Amino acid sequence: MASAQARDGTDVAITATGEYECKVYYQDTTGVIRESIHLVSGWKHTTTPTFSAKPASPLAAINFDSGKEVCAVNIALLT
């Protein structure tokens, strides 16, 4: 499955969730934050938006509990 196009000039947030795994968060051209996951077998891309954000909002991602829990945030969430 192809990933959505990343919006030019926006942030990317990445967190390692395992020895050979990471999650990447980015804003697509429609303004929603998307998640792509890299596993040993390759990339998986979400088909539904993770959350919406104002254009070019700063992003951050962190994980805890050995990568079982991930928190992706931005400063200016839309309500």
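## A seven-strand model, feature by feature

Guide: Let's start with a charged pair: Arg34 and Asp28 form a salt bridge, and their closest N and O atoms are 2.9 Å apart. The pair qualifies because the cut-off for such a nitrogen and carboxyl oxygen is 4 Å. Keep in mind that this is a predicted model.

Visitor: How many salt bridges does the structure hold? And are Arg34 and Asp28 buried or exposed?

Guide: The structure has one salt bridge. As for the setting, Arg34 and Asp28 are both buried.

Visitor: Since it's a prediction, what pLDDT does the protein average?

Guide: The average is 82, with 90% of the residues scoring at least 70. You can also read confidence element by element: β4 has the highest mean pLDDT, at 92, while strand β7 (residues 69–74) has the lowest, at 77.

Visitor: Okay, the fold next. How many helices and strands make up the secondary structure?

Guide: Zero helices and seven strands. Walk along the sequence and the pattern reads β-β-β-β-β-β-β. For the contacts, take those between residues at least 6 apart in sequence: 31% of them join residues at least 24 apart. On burial, 33% of the 79 residues count as buried.

Visitor: How do I read the pairing of strands? Which way do β1 and β2 run?

Guide: Look at the bridges and at the direction. Strand β1 (residues 12–18) and strand β2 (residues 21–27) are antiparallel, joined by six bridges. One partnership to find on screen is Ala16 with Cys22 of β2. The two strands make a hairpin, with two residues between them.

Visitor: And how many bridges join β3 to β4?

Guide: Four, and this pair runs antiparallel too. His38 has Trp43, in β4, as its bridge partner. β3 and β4 also form a hairpin, again with two residues between them.

Visitor: Let's stay with that hairpin. What does the side chain of His45 make a polar contact with?

Guide: With the side chain of Ser36, at 2.7 Å. His45 sits in strand β4 (residues 42–45), and Ser36 belongs to strand β3 (residues 32–39), so you can trace the contact from one strand to the other. Glu35 is worth a look as well: its C-alpha atom is 6.2 Å from that of His45, though the two residues are 10 apart along the chain.

Visitor: Why does His45 count as buried?

Guide: The cut-off for buried is under 20% relative accessible area. His45 has 17%, so it counts as buried. Ser36 has 4% relative accessibility and is therefore buried as well.

Visitor: While we're on strands, how should I think about the side chains along one?

Guide: In a regular strand, side chains alternate between the two faces of the sheet. Use that as a reading habit, then check each residue in the model.

Visitor: Now the core. Which residues form the largest nonpolar core?

Guide: Six of them: Ala13, Tyr25, Ile33, Phe51, Ala53 and Leu59. Leu59 is a good one to center on. Leaving aside neighbours within four places in sequence, Leu59 is in contact with core members Ala13, Tyr25, Ile33 and Phe51, among others. Its list also includes Asp11, Tyr26, Gln27, Val73 and Asn74.

Visitor: Asp11 caught my eye. Where is Asp11 placed?

Guide: In the segment before β1. A polar atom of the Asp11 side chain lies 3.4 Å from the backbone nitrogen of Leu59. Beyond its sequence neighbours up to four places away, Asp11 touches Tyr25, Tyr26, Gln27, Ser57, Pro58 and Leu59. With a relative accessibility of 35%, Asp11 counts as partly exposed.

Visitor: How many residues apart along the chain are Asp11 and Ser57?

Guide: They are 46 apart, and their C-alpha atoms are separated by 7.4 Å. Ser57 is in the loop between β5 (51–52) and β6 (59–64). Its side chain reaches the backbone oxygen of Lys54 at 2.6 Å.

Visitor: Is Ser57 buried or exposed, and why?

Guide: Buried, because its relative accessibility is 6%. Set that against Asp11, which counts as partly exposed.

Terms used. Residues numbered from 1 in each chain as written. Predicted model: local features only at pLDDT ≥ 70, side-chain atom pairs only at ≥ 80, totals over all residues. Heavy atoms only, no water. Buried < 20%, exposed > 50% of the residue type's maximum accessible area, 1.4 Å probe, protein only. Polar contact = N/O pair within 3.5 Å; in protein donor to acceptor, adjacent residues only side chain to side chain. Salt bridge = Lys/Arg side-chain N within 4 Å of Asp/Glu carboxyl O. Core = buried A, V, L, I, M, F, W, Y, C linked by side-chain atoms within 4.5 Å. Contact = heavy atoms within 4.5 Å. Pairing = 2+ DSSP bridges. pLDDT = per-residue confidence, 0-100.
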